[in-house]
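Hello,

Here is the structure we talked about handing over. My notes on what was found in it follow below.

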Amino acid sequence: MSYIDYEKAKKLGEKAVKAATSAGKNPNPAVLDELLVGAKIRGEVNLGLVTIPLDRIVGTANAGRSSSFAWNFMPILEKETEFAQKWSVLCDAHMEEGIHDPIKVYEYLNYYYVVEGNKRVSVLKYFDAVSIPAMVTRKIPLKTDDPEIRIYYEFMDFNRKTGVNFIWFSKEGNFQKLLEETGTDMKAPELTWTDEQVQNLTSAYYKFSKVFEELDGKELTEITTGDAFLALITVYNYETVLEMTTAQIKEATSKMWEEFLMLNQGTEVSVAMNPPEAKAPLLKRVLGTTEPKKSKPLNVAFIYDRDPSTSDWLYGHELGRNHLKEVFGEKITTLKITTADTEDKAVEAMEELIEKEGTRVIFTTTSQQIEASLKIAVAHPEVKVLNCSLNTGHRYIRTYYARMYEAKFLSGMLAGILTKTNRIGYLADYPIYGITANINAFAIGARMVNPDVEVRLEWTTKKDEISREALYQSFFRDGIDYISDQDMITPRHASRKFGMYRLTDKQPVNIAMPVVNWGVLYERLIRMIVDGTWEKTDAPSDEKAINYWWGLSSGVIDVILSEKVPSSSAHLIELMKKMIISGEFEPFSGDLKDQAGGVKCKVGEALPIEEIMTMNWLLDNVKGEIPVVDSLKEKARSIVELKGVRKDEVEDTGAR
């Protein structure tokens, strides 16, 4: 009998017990009966005979056999025991014929707890087997807002559609994303995977998991192997990964290691609130302004998903591109792509720009282009790729945005001063990061000068929303006299309904225009590259992404006031602007409550910048709500699913 193998397994068990004890952890397998004390179970489902992954078997159903094993299911009883003899006999049987008899388990939160067959599990784990047949009974917990349970409900839906049970994620939404990345038709009414689809995923996942473990991926304790695998196929495409050899997967995984490190830190973002000081190179400061020898122009590209003349957002970026041409002249060349309306088109366009045009700096101008940007950045480390989005954590690209909420605060103050009805309106488009801060800042500014003011919020992207013209008429009937609307004109559909204006039964009267001068931002970023300070302005750690979020103090944000604004009001706005620039005043400070009455900020305090970036609630003087994804028009869903502040009705955002 295999007493030698038992001794080896026992030593592994003793080592595991010692390590767990030193770390203050349970040295034995978990016991399901103990875990379920106080848990609310909705019911049980018999899943029948299922092949289950051995690495998901973590415990026993009851405490009876738990003390015979270390937490890793290696045996710890002495070799003279009957237990050791049976283990050794089973070991011999496995080496001769293999273990085929199914065990019996409970599944709870995608972990398995053995009812019958503990020694079979132990022997197979000793031989590093991948899976074992089992009769499975699933215990279903009551659905709550607990993140693990919410992820588990996503898993159950994924498992029902695919039959796959070996992959797990640490974040909500990733099971859905995996289906999308694998090309699954989500519109199919009764979706089930074929055997070939399951085999393809199994092969690719286990090849990656071995590589990931070889590279010490298990040391990244805050992410799962599934999280890392999803990141890999997002960048390299699932079909490409299926064709990769183990060596190619190892090379690709090594290239993406900083991304995994950052994921392990919770995709923490290092926010740069102001541009770095512009400094001339040392040689130039010492020797004067002698013109250096002309070098090849820096090729800079802008990626748009449509013609900028059809979008107020893209038109602002196109003005920024033109600003670069005026400022840098022959030192740079700029190109634009206006047809990158899908991820594949964006990737193809950027690949062509790099290969044929020698492009070395790429600005992607919408958050939907984030994954295309990441793919290009990983494939071309020699190219600097920047994406216009907020609170986006990817190590290989930098992101940039503008603190428009500072300008919205000032225009809100002005609306609060000028309103005769104490009712002002706000039209918003996408409920994404940054937009909620803009709405709340506007409401804070209005209330600062007028405590009785109320802000009515409407969204132009809701699928059941009436037309813009009907919204204006509704505002007018409701006694709303001032409105905050889109920030800039759309050239192809020019209108006076932009910025903050007075609503009348005729033409609107423009009062203030919060502006983003993207040209200033792009100029500062290009100067960082040209003067050699790019690397010095990186995030302080390899485990962080960097996001430039510049505001009034950088000159990127401003508010243009109409001559119709009374001089005393204009003076007040200018004074407050200077206080924000100097840091003497922060709009998100003092007593702030959400619509449910929850205290978000106390007197004498200010909200941390991270909370402003991820704000998912509305101020108590805002009348309206933050819409969820399902309530939006189709064209808005992709961006909201990616960067939205509310995903579904279960989330408590303070918005009512």
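**The second largest pocket**

Helix α7 contributes more residues to the lining of the second largest pocket than any other element, namely 6. Please keep in mind that this is a predicted model. The volume of this pocket comes to about 2000 Å³. Its lining is made up of 44 residues, and those closest to the centre are Asp55, Trp71, Lys125, Glu213 and Lys218. Two or more lining residues come from each of α1 (3–22), β3 (57–60), α4 (118–126), α7 (195–214) and α8 (225–236). By residue class, the lining splits into 24 nonpolar, 10 polar and 10 charged residues.

**Strand β17 and its partners**

Strand β17 covers residues 509–516, and 8 of its 8 residues are buried, so the strand is largely enclosed by the rest of the structure. Which strands pair with β17? One is β16 (residues 500–502), which is antiparallel to β17 and is joined to it by 3 bridges. The connection between β16 and β17 is a hairpin of 6 residues. Within this pairing, Tyr501 sits opposite Asn510 of β17.

Another partner is β19 (residues 557–561), also antiparallel to β17, with 5 bridges between the two. Here Ala512 is the residue that faces Leu561 of β19. As background, side chains in a regular strand alternate between the two faces of the sheet.

**Salt bridges**

Side chains of opposite charge can pair when their charged atoms come close. The count for this model is 33 salt bridges. Three of them are described here, followed by a network.

Lys139 and Glu44 form a salt bridge through their side chains, with 2.5 Å from N to O. Lys139 belongs to strand β6 (residues 131–141) and Glu44 to strand β2 (residues 41–53), so this pair ties together parts of the chain that are 95 residues apart in sequence. Are the two partners buried or exposed? Lys139 has a relative accessibility of 12% and counts as buried, because the limit for that class is under 20%. Glu44, at 47%, counts as partly exposed.

Asp157 and Lys161 make another salt bridge, in which the closest N and O atoms are 2.9 Å apart. Both residues are in helix α5 (residues 147–162), and since they are 4 residues apart, about one helical turn separates them. Asp157 is partly exposed, its relative accessible area being 31%. Lys161 has a relative accessible area of 13% and is buried.

In helix α14 (residues 343–357), Lys356 and Glu352 are likewise 4 residues apart, about one turn of the helix. They form a salt bridge whose closest N and O atoms are 3.8 Å apart. Lys356 is exposed, with 60% relative accessible area. Glu352 is partly exposed, at 40%.

There is also a network: Arg423, Glu454, Arg456, Glu458 and Asp478 are joined into one by salt bridges that share partners.

For viewing, one place to start is the pocket lining around Asp55, Trp71, Lys125, Glu213 and Lys218, and another is the buried strand β17 with its 8 residues.

Regards

Notes
Residues are numbered from 1 along each chain as its sequence is written. This is a predicted model: local features need pLDDT of at least 70, side-chain atom pairs count only at pLDDT 80 or more; totals for chains, interfaces and linings use all residues. Side-chain values use heavy atoms; hydrogens and water are left out. Buried means under 20% relative accessible area, exposed over 50%, partly exposed in between (1.4 Å probe, protein chains only). Two strands pair if DSSP finds at least two bridges between them. On a 1 Å grid over the protein atoms alone, a cavity is a set of points where a 1.4 Å probe fits but cannot get out, and a pocket is an open set with protein on both sides within 12 Å along at least five of seven lines; lining residues have an atom within 4 Å of a point. Grid points are joined across faces, edges and corners, and a volume is the space filled by probe spheres set on the points. Ala, Val, Leu, Ile, Met, Phe, Trp, Tyr, Cys and Pro count as nonpolar, Asp, Glu, Lys and Arg as charged, and the others, Gly among them, as polar. A salt bridge is a side-chain nitrogen of Lys or Arg within 4 Å of a carboxyl oxygen of Asp or Glu.
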